[in-house]
Amino acid sequence: MSTSAESARRVLVVEDDPHLAAGVLENLRAEGYEVAHLADGQAALEWLQSERCALIVLDVMLPGLDGFALCHTLRDQGNNTPVLFLTARGDPADRVRGLEAGGDDYLAKPFHLKEFLLRVRAILKRWDWYRSASASAATAQLTFGGNEVDFRAFRARAWNGEAQELTEKEAMILKVLAEHAGEIVSREDLLERVWGYDVYPSTRTVDNFILRLRKRFERDPANPRHFLTVWGVGYRFLVEGEP
Amino acid sequence: MKAARVFQLTALALVVISAATVGWWLYDAHTYAVEKMQAARALYAGQARAAEALLAAGVPETRVHELLPDITVAQGHAALSAQADGELRAEHARRHRQYAWEGGFFLLALAACIAVIARALRAEARVLEEQDDFLALVSHQFKTPLASLQLSLETMALRPLEPEQARVLIERMLADLARMELMVTQILESVRLERGRVDLRSEPVELAGAVARVLAALAERVQGQRITLESDVAPGLYVRADPLALDVIVRNILENALAAVAAVGGGSVAVSARARDGEIELTVRDSGVGFRPADGARLFEKFTRLHPGRGSSAYGTGLGLYIVRRLMQLAEGRVTAESSGVGQGARFVLTWPAAAVPGT
């Protein structure tokens, strides 16, 4: 089991092609990351049961358990480690499938080294922000309208006593909104902070996540008091709730 | 391709219309025959009534019979004679037989045409689908070495490298290029095999020579790797095969074994041969990654990837074992694969008909 300090800079590369894996590992090492490498999905799943890392660079076409299935399984197990998919299949349908499987970003082979490193950095930066923003006891918790959110555990207890498991994106959106409570946050800002530059094609994605948060935490999701829409701009989060 | 498909579909439509026309003609001819029979019977019924009127008018029966020979008269009643009735029925039956034979023949011929065209269309659709799958798989297979090549080049461009690091990258790039070259060769070989565009010779070839040639070519490859490559193929074992195809078979089966061994960090590959019941068996054992026993047959399908290293390693293309199976089939031989499970190594057995030793 690795310490959290070690795992904070450790990247797991799951790639079955030895040459490509070697190239990726060498470049990640050169950038100062610790690296681990596994060549098949099942081995990676087993490894992740006892080890932690800051990011998984995951090939889609793996023998045995493929990348999408591995990512799905991890998310079902409550493992929110960010995933960057690396695959030879770069069409939009596969891209959407990867993101729906719980991936954070998607890069089609062959890719540019600088772009790959940029994306790795962007994902880790988002997570560094999330971790540091949830580091202290005060910032790790959020209480509003009878709801209690634990950002570090990705768990919440809703106003009706129901336990909620938050996805990483839901937790991140909530974190961004809570940091700017009372202020208007645009959809574009939310996309930039939570997903990064060009991963999702549409700001509609943000709307869908806000709907999910309302369902979890609003007493009447159709008439929200905490997650307010500012038409044409974005959203405003109110801790106390709209009177 | 598109014009040919339009032509096929047009031909199919014409044949279907022709079949429908023949069907209509049959119905029409049957209706005509029935109507003609009914008209003849109505005519005879009229003649019978006329005969009865003549009899009632006092005309003698013999005279009536002369005037109306198809009508029989008995005790003041007239009816169609048995002979005329028989002729009428026979004519009706003859017409029906004629329509049935002619119509049946045309319908059968048209149905055969429809079946042939439909079968061709289905086969063409299947070929197109297979081509699409093949292209998708081929492009996927190419993208990985291409990505590795690009990564190595960009690493060299981006980072200051020690001479040793540069050498490693250059060797990796050369291996990626070799992999792509092998892929092109194997794709072309598999396409030629698939389309039957191969003209293989069938002559006695000494197995030991083919194995030695391939081993010599692979020896350099295994240098520096923790792989032992052993051969125990005695001279004098002749198989009936094409010499070039035999080299391809042995090369591909050994490439596969090396990839399987490399995937577990090293091990052994052993080649042996023996004569048995008029056949020659070449056995390749490896201590590599192995496979689940149930996956033995799938290994020989195109682009099958069961485990890391097998079919996806630095030298694997996913086509090697497929080519082996096709070439073995063409040589009237066979190939089988066995493994006790993942991590348990594998055993491939190639069997050819034995050939007489030349000069004996």
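Is A:Phe154 buried, exposed or partly exposed? With 19 C-beta neighbours inside 10 Å, A:Phe154 counts as partly exposed; a residue is buried if 20 or more other C-beta atoms (placed from the backbone) lie within 10 Å of its own, exposed if 12 or fewer, and partly exposed in between.

## Before you look

This is a predicted model, in which local features need pLDDT of at least 70 and side-chain atom pairs count only at pLDDT 80 or more, while totals for chains, interfaces and linings use all residues. Residues are numbered from 1 along each chain as its sequence is written, and chains are lettered from A and ligands numbered from 1 in the order in which they are written.

## Chain A

Chain A has 10 helices and 12 strands. Helices (H or I, at least four residues) and strands (E, at least two) are DSSP runs, numbered from the N terminus. Of the 243 residues in chain A, 40% are buried.

Two loops are worth a visit. A:Phe154, met above, sits in the loop between strand 7 (147-150) and strand 8 (155-157) of chain A, and its phi is near 60°, a positive value in a residue other than glycine. In the loop between strand 5 (105-108) and helix 6 (113-133) of chain A you will find A:Pro110; the peptide bond leading to A:Pro110 from A:Lys109 is cis, with omega near -10°.

## Where the chains meet

Chain B uses 23 residues to contact 22 residues of chain A, a contact being two residues whose C-beta atoms, placed from the backbone, lie within 7 Å. On the chain B side, helix 3 (82-158) and helix 4 (163-194) are the elements that give two or more residues. Helix 3 of chain B gives the most, with 12 residues.

The chain B side of this contact divides into eight nonpolar, nine polar and six charged residues. Here Ala, Val, Leu, Ile, Met, Phe, Trp, Tyr, Cys and Pro count as nonpolar, Asp, Glu, Lys and Arg as charged, and the others, Gly among them, as polar.

## Two helices of chain B

Helix 3 and helix 4 of chain B also pack on each other, at an angle of about 160° and with their axes 9 Å apart. Axes are lines fitted to C-alpha atoms, for helices over the stretch in contact, and angles run from 0 to 180 degrees between N-to-C directions. The two helices are therefore roughly antiparallel, the word for angles over 145 degrees.

Among the residues that meet here are B:Phe142 and B:Leu149 of helix 3 and B:Leu169 and B:Met173 of helix 4. This contact divides into 12 nonpolar, four polar and three charged residues. Elsewhere in helix 3 of chain B is B:Arg89, which is exposed, with 11 other C-beta atoms within 10 Å.

## The sheet of chain B

Chain B holds an open sheet of five strands in the order 4-6-7-9-8, with mixed pairing; two strands pair if DSSP finds at least two bridges between them. Strand 4 (227-232) and strand 8 (334-338) stand at the edges with a single partner strand each, so one side of each has no neighbour in the sheet. Neighbouring strands are turned by 15° against each other on average, direction ignored.

Strand 6 (residues 267-276) and strand 7 (residues 279-286) of chain B run antiparallel and are joined by eight bridges. Within this chain, B:Ala275 stands opposite B:Ile280 in strand 7. Helix 6 (residues 243-262) of chain B packs on the sheet, touching strand 4, strand 6, strand 7 and strand 9 (346-353).

Technical notes
Parallel < 35°, antiparallel > 145°, perpendicular 65-115°, else oblique.
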